[in-house]
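Please look over the model below with two matters in mind: how its helices pack, and where one chosen residue sits.

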Amino acid sequence: MLRNNFIAGEWVRGDDGIENVNPSDTRDIIDLYAVAGAKQVKDAIDAAASALPAWSLCSPLKRFDVLDTIGTEIISRQKELGDCLAREEGKTLDEATAEAARAGHLFKFFATEAYRSNSEGYESIRQSVELSVRREPLGVVGVITPWNFPLAIPAWKIAPALAYGNTVVFKPAELVSGSAWLLAEIISRAGLPEGVFNLVMGRGSDVGQGIVSSSKVTGVTFTGSTPVGKSIGSTVFDRGGRVQLEMGGKNPLVICGDADIDVAVDCALKGSFFSTGQRCTASSRLIVEESIHEEFIDKLVDRMSSLRIGDARSPETDIGPVASEAQLEVDLKYLKIGDEEGAVRRFGGDLVQSDKPGYYLFPALFTETTNTMRINREEIFGPIAAVVRVSSFDEAIEVANDAEVGLSAGVVSTSPARIKEFVRRIEAGMAQVNLPTAGMDFHAPFTGRKSSSFGPPEKGSYCREFFTQAKVVHEAELPAINAV
Ligand code: UN1
């Protein structure tokens, strides 16, 4: 069955269709999804622009109701949504169901934020002048999302966009059209006026480009790779629009000599390999102090050897397949680069034989690596981690900060003083203490430093800075005699 785009309140056929393939079993075609042509992208943007004036003025109660309704339905259908997500993206059923629930809670969080986008008053320094800052919606927002969190990331961009009075043109990654379509279908029945929310599926090179380059799209919020983000950023900047970019990570997990070894191994295992390592918050650099280095590696390899790699929807599976053939090629390329750079392939990295044709790769651990190697500098986005041995805590921080990106960073230690120092000195948007570098609370802001992020943080109340624009109003009191 062809799943259509949603434009101006109608489901419309695409110019073309893309088959969505299950990475756990490539014989399984999930469905056929419409690809929007240039005219449909334009129609969606026009519909969002026409719907903007009324939606931006509608009561916060209406916005609350719509977002809360969406959140409730997502939460009540989390198993079904999680099943679709696991089937098309390859994360395990538990991870996928938890992501669906997270998406529902994000809608509910932003439902309440709809009441908080109000103006603020200040005391003027001048007598008889009133000073206020109004929060007005940004306008038409282009939402461009990646394949690795097909429900949560769209939720944390679409929900605040709507809560703060914007209209939306949503372009999901084509690899995960199934989850995006289900989400859009739920949104389409929640009571939004036509044109407030539009779905256009298809490739970044044309559908994404159409959104990014349209002068009617006031702002673009994007999560994905650093090169694509930078290119979107400069296109939107050149035409005077606003961008919010969440891009790559090369997240360090510092294991101090005083760490609880079981906590350290658990954080590394989950942070590096769960969700098949396909998270921009994954721990890809394990920076380990000398005194604990051997013990940490032995125990991590021990835990890795019992990981079960298999069909994402089988209850026995710990790690699902790589999401696509293209991503598997990237992973294999970096495994080769690591071997050629002289890193020791201590464990894993082999293709896993299965009775199903799927993209199964055993998680890999490199040891004896240096921070200058490409495997420690470039984002791989796969189940591959590298250990860098350091001789002191100071050196650990130096290595952790020696990166072009600064998204998430973790420390495992039992020393309150070291933890404090790590949190103070680490150049990252998010610091995780005795926790994996991935996995953030849904109501907290999400942000990175250096090349990881551009623009105001996502999520939490902080994203209001992106989804609204300030208008500063100085108003003189009229002399009593003239006031009507
Ligand atoms: C998380 O680790 O909780 O694309 C979420 C990503 C991030 C989301 C990570 N933007 O991996």
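This briefing covers one buried residue and two helix crossings.

This is a predicted model, in which local features need pLDDT of at least 70, side-chain atom pairs count only at pLDDT 80 or more, and totals for chains, interfaces and linings use all residues. Residues are numbered from 1 along each chain as its sequence is written, and side-chain values use heavy atoms, with hydrogens and water left out.

**Ile292**
- Ile292 lies in helix 10 (residues 290-305), helices being DSSP runs of H or I with at least four residues, numbered from the N terminus.
- Because its relative accessibility is 5%, Ile292 counts as buried (under 20% relative accessible area, 1.4 Å probe, protein chains only).
- Leaving aside residues up to four places away in sequence, Ile292 touches Ile255, Cys256, Gly257, Ala259 and Ile261 (contact means heavy atoms within 4.5 Å).

**Helix 9 with helix 10**
- The axes of helix 9 (residues 261-273) and helix 10 come within 9 Å and cross at roughly 55°, where axes are lines fitted to C-alpha atoms over the stretch in contact and angles run from 0 to 180 degrees between N-to-C directions.
- Helix 9 is therefore oblique to helix 10, a class left for angles that are not under 35, over 145 or 65 to 115 degrees.
- Among the residues making this contact are Ile261 and Phe273 of helix 9, and Ile292 and Met304 of helix 10.

**Helix 3 with helix 4**
- The axes of helix 3 (residues 78-89) and helix 4 (residues 93-113) come within 8 Å and cross at roughly 125°, which makes helix 3 oblique to helix 4.

Notes
Helix = DSSP H or I, 4+ residues; strand = E, 2+ residues; numbered from the N terminus. Buried < 20%, exposed > 50% of the residue type's maximum accessible area, 1.4 Å probe, protein only.
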